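Colleague: I should like to go through this structure with you, one question at a time. Please give the reasoning before each result.

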Amino acid sequence: MIYLAFDVGAKRIGVAISRSGIIAEPLTTLAVADPARLDPAISALIAAEEPTIIVVGRPERSGHRSTIIDAFINQLSITVAKNVKIITVDETLTTKEAERLSHHGTDTDALAAALILEQYLAER
């Protein structure tokens, strides 16, 4: 099974992957004009990696960010194959933790996505 995770931000989307189902690793960060719309680079990434499960970080509280992330998830559900599960995980404090763990020049958005994916893998 291949797992992809997304940390959706206002201008960037961090992406992480797990091919083992045990270890999550940062993959990339994509700059996006509108995170509520599915960027072609994300569609291409999904097509290339062929994930079985997609994990999206989402805040527990409702608000502007959760509305954008819900729109992103809706676009994902339209785009991906029917056999791909889309799961949300509470992303509270993952960006702060990624910033704390990162070193100068480290991709904190992709690291935050890896933390989201690690949380999902640990909980299942």
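The exchange below concerns a predicted model and moves from the sheet to the helices and then to single residues.

Colleague: In what order do the strands of the open sheet lie?

Modeller: The sheet is an open one of 5 strands with mixed pairing. Its edge strands, β3 and β5, each pair on one side only. Read across the sheet, the order is β3-β2-β1-β4-β5.

Colleague: Which residue of β5 is the bridge partner of isoleucine 53?

Modeller: Strands β4 and β5 pair in the parallel sense, over 6 bridges. Isoleucine 53 has its bridge partner in β5. That partner is lysine 85.

Colleague: At what angle does α2 run to β4?

Modeller: Helix α2 lies across β1, β2, β4 and β5. Another helix, α4, also packs on the sheet, where it touches β1, β2, β3, β4 and β5 and makes about 45° with the direction of β2. For α2 and β4, the angle is about 165°.

Colleague: Within what arc do the buried residues of α1 fall?

Modeller: The buried residues of α1, which spans residues 40–49, are Ile42, Leu45, Ile46 and Glu49. An α-helix has 3.6 residues a turn, so residues three or four places apart point the same way. Seen down the axis of α1, its buried residues line one face of the helix, because they fall within an arc of 95°.

Colleague: Which exposed residues does the opposite face of α1 carry, the one turned away from its buried side?

Modeller: The buried side of α1 has a cover that includes β1, β2, β3, β4 and α2. On the face turned away from that side, the exposed residues are Pro40, Ala47 and Ala48.

Colleague: At the start of α1, which residue offers a side-chain oxygen to the backbone nitrogen of alanine 41?

Modeller: The two atoms come to within 2.9 Å of each other, which satisfies the 3.5 Å limit for a polar contact. The oxygen belongs to the side chain of aspartate 39.

Colleague: Is aspartate 34 buried, partly exposed or exposed?

Modeller: Aspartate 34 is found in the loop between β3 and α1. Its C-alpha atom is separated by 7.4 Å from that of alanine 10, 24 residues apart along the chain. The relative accessible area of aspartate 34 is 35%, and values from 20% to 50% lie between the buried and exposed classes. Aspartate 34 is therefore partly exposed.

Colleague: How is the aromatic pair of tyrosine 3 and tyrosine 120 classed?

Modeller: The pair links distant parts of the chain, with tyrosine 3 in strand β1 and tyrosine 120 in helix α4, 117 residues apart. Both tyrosines are buried. Their rings lie 6.2 Å centre to centre with 50° between the planes, and an angle that is neither under 30 nor over 60 degrees makes a pair tilted.

Colleague: How is the pair of phenylalanine 6 and phenylalanine 72 classed?

Modeller: Phenylalanine 6 lies in strand β1 and phenylalanine 72 in helix α2, so the pair ties together parts 66 residues apart in sequence. Phenylalanine 6 is buried at a relative accessible area of 0%, and phenylalanine 72 counts as buried at 0%. The rings lie 5.6 Å centre to centre, and with 70° between the planes the pair is edge-to-face.

Colleague: Which residue has its backbone nitrogen 2.9 Å from a polar side-chain atom of serine 18?

Modeller: Serine 18 is found in strand β2 and counts as buried, at 0% relative accessibility. Among the residues that serine 18 touches are Met1, Tyr3 and Leu117. The backbone nitrogen at 2.9 Å is that of glycine 21.

Terms used. Residues numbered from 1 in each chain as written. Predicted model: local features only at pLDDT ≥ 70, side-chain atom pairs only at ≥ 80, totals over all residues. Heavy atoms only, no water. Buried < 20%, exposed > 50% of the residue type's maximum accessible area, 1.4 Å probe, protein only. Helix = DSSP H or I, 4+ residues; strand = E, 2+ residues; numbered from the N terminus. Arc of directions from axis to C-beta. Contact = heavy atoms within 4.5 Å. Polar contact = N/O pair within 3.5 Å; in protein donor to acceptor, adjacent residues only side chain to side chain. Phe/Tyr/Trp six-rings, centres within 6.5 Å; stacked < 30°, edge-to-face > 60°. Pairing = 2+ DSSP bridges. Axes fitted to C-alpha atoms, helices over the stretch in contact; angles between N-to-C directions.
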